[in-house]
Amino acid sequence: MYGINPKIIKKINSLIGDGAPAELIEFFSEVLKLEAKQETQQYATKDISLQYKSILEKYSQNKTILEFIGGVKN
Amino acid sequence: MEGLKISQLSSLKVRSITVKNFRTYYGEKEPIELSVDPKKPVTVIHGISGRGKTSLLNAVHWCIYGFEKKDKNQKQTSSEGLVHSYLIDNLQPGQEENMFVRIIMENENGEIEYEIEREIIVKKISSETSEKWNEVIKAKIPVSITATTGAVFAYKDPDTDELVRISSEDNIKDRLEQIFPEILSSYVLFDAELLRQFESQNEDVLIKKGIETITGLPIVDSAKKHIEKENKKTTSSNVSAKAEFKSLQGEIERFEKEISRRENENKTDQKKIDEKSTEITELTNFLVRHDEDAIKKNELEMKKIREEITFLGESTEQIKEDMKKVIFENLSKYYLRDAFMITNEKFERWTKEGLIPSRFTKEALQGLLDDKECVCERPLGEHDEEYRENIVNAIKKVYEAAVGSEIGKIRGVIEDVIDETGSESSSAFEIEYIKYQTQLAEARTKRATRKSELLKNESLFETDIYDQVGIQTRQRKKLEQEVDSLKNAINSNNVKLNVYKPKLIEKEKEFNKMKKEEIKDEFAKNKIKLSDYAESILGKASEKLLSEFKTDVESATQEYFLEIAPQAKEFSGIKIDDDNFTISALRKNGREKEISQGQAHSLGLSYISGIRTITRKNYFMMIDSPFHNISQESKLLACVDLPTKMGSTQVTFFCTNTEYIGRIEEDDLSEEIDSARHVLKKHGLLGCEYNLVDEVIGEIDGEEYRNTNVVRIS
């Protein structure tokens with residue numbers, strides 16, 4: 001993932017575990033990409049909030065993700 | 001699943017630097033192209049001192065940040081400003097000119113990632129000649145010249161891969177601050193002479209913050225914060241028992257606030273305690289040195305010293321008196337010596353000639369007449385008249401002899417003086433005089449030493465020492481009371497924290513339970529579920545990564561340091577402080593000894609190289625005076641190790657000709673050691689090299705104007 005420290009990505013991978021569904025990985029990928037883009041794009045607070053809302057709404061309806069995180073004890 | 005895709009570490013290299021009228025660089029120069037070849041990552045820009053190496057590094061800093069790297073030694077009176085003075089001094093009324101620096105940066109695929117151009121436009125609006133400090137140009141220039149700044153920033157849009165150009169100053173500042181936080185410059189653009197900055201924490205270099213920033217950790221924290229915010233919004237807008245829920249949420253917020261306030265208070269108080277404790281230690285040391293026994297002992301000591309000084313003063317006077325005597329008592333003799341020599345020679349001559357009668361005592365002959373008897377004790381009779389007459393005649397002669405005798409005595413004295421002032425005795429006299437001189441010098445030195453001892457003691461134990469001890473004792477007591485009160489405040493906060501923290505956990509549990517029960521809407525429930533999960537993952541990642549980063553940096557730094565440091569075998573390793581990330585070298589057997597300049601330089605370079613293992617991007621590196629203050633051998637190790645150990649990091653060295661080209665014999669016995677240039681070439685690391693040369697471009701009122709040219713060598 002461009003612009004993100006590979007060590008951060010490795011750590012997140014290890015925390016979500018090997019069995020994590022592709023959609024969950026995609027979710028984190030989008031979140032981190034959004035943060036990396038924020039550096040040059042400088043979204044307004046309202047815009048970034050909207051983007052987070054949209055990412056969360058999109059992935060929270062995914063059954064595979066919900067099943068996976070439902071079985072994980074935080 | 002394999003998890004998030006890990007691409008190679010993205011790199012950021014400077015493709016070119018173009019300067020126009022920046023400091024010593026007059027006119028627009030050809031772009032200085034730096035090596036972007038990962039196999040030959042080194043570019044060297046060298047020149048003799050004062051040619052503009054540091055100016056070029058400053059040009060890069062100024063272009064990115066809008067100001068040059070902080071130089072505390074830079075004086076406001078300096079005549080050389082950011083804009084070449086020949087341009088300023090030749091501006092005609094109504095004329096407008098500009099100075100700019102342009103940097104093009106590329107990524108690991110050779111695509112332009114950023115382009116930054118910053119300029120200053122100067123315009124002469126009148127012929128007024130009086131001068132004033134100009135904050136834009138950073139120099140004293142005629143008030144008739146105006147200076148305005150501008151900048152253009154272009155970045156590759158991550159979605160379209162197109163370059164997007166922006167030119168509003170404020171917007172550029174924010175974006176550049178995000179991409180190149182100022183703190184990054186300590187690790188990217190730095191002066192190797194300042195490498196010791198990592199050994200201690202100061203306000204200018206917040207090492208820990210710098211490291212956190214360049215690893216990209218703030219991205220994780222920021223993502224967590226954004227999700228948290230969204231989570232709260234979803235929760236509060238979907239809960240059915242709004243009042244109850246809000247009250248619980250309010251309680252949690254109050255606990256959080258209270259905990260954070262008390263924890264911050266504790267931190268501040270602890271800092272105060274540390275400061276006061278240092279002060280208390282200093283006062284205690286003073287009071288230990290000045291307790292009653294110590295004062296009395298010192299008073300006795302001072303009395304003794306004073307007496308000694310008086311005695312030495314008297315001795316000095318006595319020696320001076322003795323010296324005077326030696327001189328004056330002998331001086332007359334020496335003064336008369338030549339005259340005596342002549343007189344004595346005369347006497348000798350007269351004696352030989354019979355002009356001076358031989359010695360005889362008249363008293364003996366008079367005795368013969370007075371006693372009226374002969375020397376054989378026979379009485380002198382009338383018939384001895386002739387004999388008597390002979391005696392009278394003899395007495396007459398005796399008077400003459402007496403004169404001779406006196407002269408003999410005088411000669412004796414003269415001969416004595418001549419003997420005493422002969423070369424043997426004058427050497428003895430000189431020895432005696434030197435002995436007195438030595439004694440005098442010794443006495444004077446001893447007296448001066450004693451006097452300074454006395455002064456030192458007097459300053460330590462001033463006349464009002466008892467008052468001072470009293471003041472310091474009261475001060476210490478006051479500080480101790482303050483420390484106690486701060487400790488009490490911390491304890492009291494801790495008591496509260498011990499209550500609040502479990503309560504907060506309890507309330508959070510209650511809140512989460514209520515969330516589950518109250519939020520009926522499945523859609524919101526799921527969103528909250530994912531948010532909670534993401535918050536937890538990002539929180540854990542941030543927490544664990546910082547300590548892992550520290551461990552990684554520590555091990556990489558240690559490896560470099562033990563390889564390149566002069567006398568590396570004296571060390572067992574390095575240590576990074578947990579609180580502020582300052583670095584120190586550990587000596588074998590725990591011996592405490594200040595490290596040398598060369599070792600400190602290697603430590604700083606190793607630290608920067610170590611930090612490179614955890615940065616979010618493989619940033620270019622530009623180092624001014626990289627080989628300053630280190631031995632030739634360490635220099636060669638550093639110039640090979642730095643670029644090779646750091647993978648394909650683009651490295652630009654700004655160094656003097658001597659540092660770069662010079663071959664040095666470390667001592668008379670050792671063989672000549674290669675130059676840095678030769679070593680870089682031998683290892684195939686040198687991509688480009690430039691030489692800075694200067695020329696005179698004009699003269700105004702006897703003042704020469706110089707211009708630096710950048711000549712590409714290879």
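Read along the sequence, chain A of this predicted model follows the pattern α-α-α-α, and its secondary structure comes to 4 helices and 0 strands. Buried residues make up 39% of the 74 residues in this chain. The confidence of the predictor in chain A averages a pLDDT of 85, with 91% of the residues scoring at least 70. Among the elements of chain A, helix α3 (residues 45-60) has the highest mean pLDDT, 92, whereas α2(A) has the lowest, 87.

Helix α2 of chain A, which runs over residues 22-41, can be checked against the ideal rise: at 1.5 Å a residue its 20 residues should span 28 Å, and because its end C-alpha atoms are 27 Å apart, the model agrees with that expectation. The buried positions of α2(A) are A:L24, A:I25, A:F27, A:F28, A:V31, A:L32, A:L34, A:E35, A:A36 and A:T40. An α-helix has 3.6 residues a turn, so residues three or four places apart point the same way. In this helix A:L24, A:F28 and A:V31 are among the buried residues, and the list also includes the charged residue A:E35. Just after α2(A), A:Q42 takes a positive phi of about 50 degrees.

The contact between the two chains takes 42 residues from chain A and 39 residues from chain B. On the side of chain B that touches chain A, the elements giving two or more residues are α3 (169-179), α6 (217-238) and α13 (522-564) of chain B. Of these, α13(B) gives the most, with 12 residues. By class, this side of chain B has 17 nonpolar, 12 polar and 10 charged residues.

The largest nonpolar core has 132 residues, and those with the most contacts inside it are B:A59, B:V60, B:I103, B:L603 and B:M622. The largest share of this core, 13 residues, comes from α13(B), the helix that also gives the most to the side of chain B that touches chain A. Leaving aside its neighbours within four places in sequence, B:A59 is in contact with B:I17, B:V19, B:F22 and B:V101. In soluble globular proteins, nonpolar side chains tend to be buried together.

Three loop residues of chain B can be set side by side according to how many C-beta atoms surround them.

| Residue | Loop of chain B | C-beta neighbours within 10 Å | Burial |
|---|---|---|---|
| B:N21 | between β1 (11-20) and β2 (32-33) | 26 | buried |
| B:S625 | between β14 (621-624) and α15 (632-645) | 21 | buried |
| B:D291 | between α7 (242-289) and α8 (292-352) | 11 | exposed |

Burial here follows from the neighbour count, because 20 or more other C-beta atoms within 10 Å make a residue buried and 12 or fewer make it exposed. B:N21 therefore counts as buried with 26 such atoms, and B:S625 counts as buried with 21, while B:D291, with 11, is exposed.

Most residues other than glycine have a negative phi. Against that background, the phi of B:N21 is near 55 degrees, a positive value in a residue other than glycine, and the phi of B:S625, likewise positive in a residue other than glycine, is near 50 degrees. For B:D291 a separation can be given instead: its C-alpha atom and that of B:Y466, a residue 175 residues apart from B:D291 along the chain, are separated by 9.3 Å.

Note on methods. Residues numbered from 1 in each chain as written. Chains lettered and ligands numbered in written order. Predicted model: local features only at pLDDT ≥ 70, side-chain atom pairs only at ≥ 80, totals over all residues. Contact = placed C-beta atoms within 7 Å. Core = buried A, V, L, I, M, F, W, Y, C linked by C-beta atoms within 7 Å. Expected span 1.5 Å × (residues − 1). pLDDT = per-residue confidence, 0-100.
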